[in-house]
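Me: Could you zoom in on one part of this protein for me and then follow what surrounds it? I'm in my first year, and I'd like the terms explained along the way.

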Amino acid sequence: MNATKAAKYVGYFDKEVLERKENYASLVNTYYELVTDFYEFGWGRSFHFAPRRRGESFKDSLTRMERYLAQKLGLAQHSVVLDAGCGVGGPMREIARYTGARIVGININADQVTRARKYNRAAQLDGQCSVVHGDFMELPVEDASFDAAFAIEATCHAPDRTASFSEIARALRPGGLFAVQEWCMTDAYEPGNPLHEQLKHDIEVGDALPELTGTNAVDEAFIAAGFEILMRRDLRQDSDPELPWYHPLTGRELSLSGLPRTQFGRKLTNRFVHLLEKLRLAPKGTKAVSDMLMRTSDALVAAGELGIFTPMYFVLARR
């Protein structure tokens, strides 16, 4: 983590919606410079949620979600696929192993690009998986160069979903499929409800999102970008009732590997980070970043319990 940025930018994300949209590239890039270490520590290398079955581990639920997406896209060994907003490449590598497809990831954050390439080499998948430093609002790719595309909890960072989906449509061959897993407010969200609005704001600010919208707005963006919607479903409904999507963020994940994601584990990590910062073994501002992520996790759990937010609105569409 860059110490100067950690100290300077913790309050940087709490801006008005218009300003967050206008400065989305800097906002998102700075955010992931600050939080990627925390994400990898607490979440692994696949930065997303997944519907979970009873008796299934958290990691296995992520893998199953990634394979589900690959199946819906009909990926096979000959497929050339775009991963828009690929993070450090966890889903990319799983889908490449599972299908044999060749996957090109786009990522706006240079540090994550470097990590993803390193992890691809370590997994001996760099022949199948490549990562390009770029912005999915202006894809550095030729027209009609991909058979399929996916974005897993990434295009929620776009300041204009229609524009981002239009860019992905441009990159797809005619008939190409595009699947997204989106962060959205649900129909249970009540504009004007102070608690609902505060939780929405806390999630937006704590995850560097320009603005959370409803599922209908996502559908409209697909149609405006020239896609035909083939399927749409809120996958949070597919979770076991005792294992809702936000379960990993609660204090009820009874496993050593799941400890960092729990409320207790986050508090323990936060105190340890505070000690490291006091001892000057961690950069100034590290605890402030940890505090921000704790507030965001609490907002996600509260919004999940109220049913006003989903991180798993799944859409499959055809160009």
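Reply: Let's start with K200, which lies in helix α8. Helices (H or I, at least four residues) and strands (E, at least two) are DSSP runs, numbered from the N terminus. Before we go on, this is a predicted model: local features need pLDDT of at least 70 and side-chain atom pairs count only at pLDDT 80 or more, while totals for chains, interfaces and linings use all residues. Residues are numbered from 1 along each chain as its sequence is written, and side-chain values use heavy atoms, leaving out hydrogens and water.

Back to K200. With a relative accessible area of 13%, K200 is buried (buried is under 20%, exposed over 50%, partly exposed in between, using a 1.4 Å probe and protein chains only). Not counting residues up to four places away in sequence, K200 touches M185, Y189, E211 and L212; touching, or contact, means heavy atoms within 4.5 Å.

Now the helix itself. Helix α8 covers residues 194–206, and its 13 residues should span 18 Å at 1.5 Å a residue; the end C-alpha atoms are 18 Å apart, which agrees. (The expected span is 1.5 Å times one less than the number of residues.) K200 has company inside: the buried residues of α8 are H196, L199, K200, I203, E204, V205 and G206. At the start of α8, a side-chain oxygen of N193 comes to within 3.0 Å of the backbone nitrogen of L195. That's a polar contact: a pair of N or O atoms within 3.5 Å, where within protein one must be able to donate a hydrogen and the other to accept it, and residues adjacent in sequence count only if both atoms are side-chain atoms. Just past the other end of α8, A208 takes a positive phi of about 55°.

From here, I203 is a handy way out of the helix. I203 is among L73, W183, I203 and F309, the residues that touch the most other members of the largest nonpolar core, which has 49 residues. Helix α4 gives the most to this core, with six residues. Apart from it lies another core of 31 residues, including M137, L139, V141 and F146. A nonpolar core is a set of buried Ala, Val, Leu, Ile, Met, Phe, Trp, Tyr and Cys residues joined through side-chain atoms within 4.5 Å.

Next up is W183, and look at its neighbours. Leaving out residues up to four places away in sequence, W183 touches F49, E153, C156, R161, I203, D207, L209, L212, L300, F309, T310 and P311. You've met I203 as a buried residue of α8, and L212 as a contact of K200. Another neighbour of W183, E153, sits in the loop between β4 and α7 (161–171). E153 is buried, with a relative accessible area of 8%, and its phi is near 50°, a positive value in a residue other than glycine. For contrast, try A144, in the loop between β3 (129–133) and β4 (146–152). Its phi is near 50° too, but A144 is partly exposed, at a relative accessible area of 33%.

W183 also leads to rings. W43, F49, F58, W183, W245, Y246 and F309 form one aromatic cluster. A search of the whole structure finds 17 aromatic pairs. In one of them, W43 and F58 have ring centres 4.9 Å apart and planes at 80°, so the pair is edge-to-face. W43 lies in helix α3 (residues 24–43) and F58 in helix α4 (residues 58–73), so the pair ties together parts 15 residues apart in sequence. W43 and F58 are buried. The rings of W245 and Y246 have centres 5.4 Å apart and planes at 90°, so this pair is edge-to-face as well. W245 and Y246 are buried too. As for the rule, rings of Phe, Tyr and Trp (its six-membered ring) pair if their centres lie within 6.5 Å; planes under 30 degrees apart count as stacked, over 60 as edge-to-face and the rest as tilted.
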